[in-house]
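Trainee: I would like to go through the labels attached to this model and ask what each one rests on.

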Amino acid sequence: MPRIRIELPEQFSFSTDIALYVGHMNYGGHLDNALLLSVVSEARARFFGSLGYSELDVEGLGIIIADAALQYRSEAFHGEVMQVRMTATDFGSKGCDLLWCMNEKSSQREVARGKTGIVFFDYRLRQAAPVPEAFRRRATAGICAA
């Protein structure tokens with residue numbers, strides 16, 4: 001079975017720093033695979049916040065996670081600060097991908113990279129909804145070099 005390969009963009013629109021706590025570690029003393037996604041979830045919430053949204057209110061719509069893929073590149077340990085960069089790409093009619101990369105801040109050692117597919121969702125109607133144009137503009141406006 002071939003390994004997952006995630007190609008990263010040259011530029012990201014958002015970056016945030018997240019410290020790793022004891023609760024993020026597993027019995028091997030490094031970042032737990034399941035808890036890596038919780039760190040990425042925090043970064044995603046901050047990404048939406050930086051655009052003036054929450055995950056439950058993007059121009060009146062929420063988001064749901066459609067899929068996720070990731071590649072581990074190195075271990076991460078308690079006390080390290082992760083720089084998580086994220087950008088929205090591959091827009092479709094009802095969603096897009098959030099590509100992300102996580103590096104240890106001081107050394108820039110790559111820890112993981114991934115893709116989270118999101119779909120916009122009207123919770124009142126309980127159905128997928130078109131990507132809000134204002135979100136598309138905001139999410140792609142501030143692209144900065146990684």
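Trainee: Why is D67 called partly exposed?

Mentor: D67 has 37% relative accessibility. Buried means under 20% relative accessible area, exposed means over 50%, and partly exposed lies in between, with a 1.4 Å probe and protein chains only. D67 therefore counts as partly exposed. Keep in mind that this is a predicted model, in which local features need pLDDT of at least 70 and side-chain atom pairs count only at pLDDT 80 or more, while totals for chains, interfaces and linings use all residues. Residues are numbered from 1 along each chain as its sequence is written, and side-chain values use heavy atoms, with hydrogens and water left out.

Trainee: What makes K115 and D67 a salt bridge?

Mentor: The term asks for a side-chain nitrogen of Lys or Arg within 4 Å of a carboxyl oxygen of Asp or Glu. The closest N and O atoms of K115 and D67 are 2.6 Å apart, so the pair meets the rule. K115 lies in strand β6 and D67 in strand β3, so the pair ties together parts that are 48 residues apart in sequence.

Trainee: Is K115 buried or exposed?

Mentor: K115 counts as buried, because its relative accessibility is 19%.

Trainee: Which other salt bridge does K115 form?

Mentor: K115 also forms one with D97, where the closest N and O atoms are 3.3 Å apart. K115 is in strand β6 and D97 in strand β5, so this pair ties together parts that are 18 residues apart in sequence. Both K115 and D97 are buried. Salt bridges with shared partners join D67, D97 and K115 into one network.

Trainee: How many salt bridges does the rule give, and where does R46 with E42 fit?

Mentor: The count comes to 9 salt bridges. The side chains of R46 and E42 form a salt bridge at 2.9 Å, N to O. Both residues lie in helix α1, 4 residues apart, about one turn of the helix. R46 counts as partly exposed because its relative accessibility is 31%, and E42 counts as partly exposed because its value is 36%.

Trainee: What makes β6 a strand, and how covered is β6?

Mentor: Helices (H or I, at least four residues) and strands (E, at least two) are DSSP runs, numbered from the N terminus. Strand β6 covers residues 110-122, and 13 of its 13 residues are buried.

Trainee: How do you know that β6 pairs with β3?

Mentor: Two strands pair if DSSP finds at least two bridges between them. Strand β3 (residues 62-72) and β6 have 10 bridges, in the antiparallel sense. One position to look at is A68, which stands opposite T116 in β6.

Trainee: Which strands other than β3 pair with β6?

Mentor: Strand β5 (residues 95-104) pairs with β6 in the antiparallel sense over 9 bridges, with N103 opposite E110 in β6. The hairpin of β5 and β6 has 5 residues between the strands, and Q108 there takes a positive phi near 65 degrees. Strand β7 (residues 127-128) pairs with β6 over 2 bridges, also antiparallel. D122 has Q127 in β7 as its bridge partner. The hairpin of β6 and β7 has 4 residues between the strands, and R126 in this hairpin takes a positive phi near 60 degrees.

Trainee: What makes a group of residues a nonpolar core?

Mentor: A nonpolar core is a set of buried Ala, Val, Leu, Ile, Met, Phe, Trp, Tyr and Cys residues joined through side-chain atoms within 4.5 Å. The largest one has 35 residues, and F47, F48, M102 and F135 have the most contacts inside it. Among the elements that each supply at least two residues are β3, β5, β6 and α2 (133-141). The largest share, 6 residues, comes from α1.

Trainee: What does F135 touch?

Mentor: Contact means heavy atoms within 4.5 Å. Leaving aside neighbours within four places in sequence, F135 is in contact with F47, F48, L51, Y53, V58, F91, C96 and F120.

Trainee: Why is the radius of gyration of the chain said to agree with a compact globule?

Mentor: The radius is taken over C-alpha atoms, and the globule rule is 2.2 Å times the number of residues to the power 0.38. For 146 residues a compact globule would be near 15 Å, and the protein chain has 15 Å, so the two agree. Of the 146 residues, 45% count as buried.
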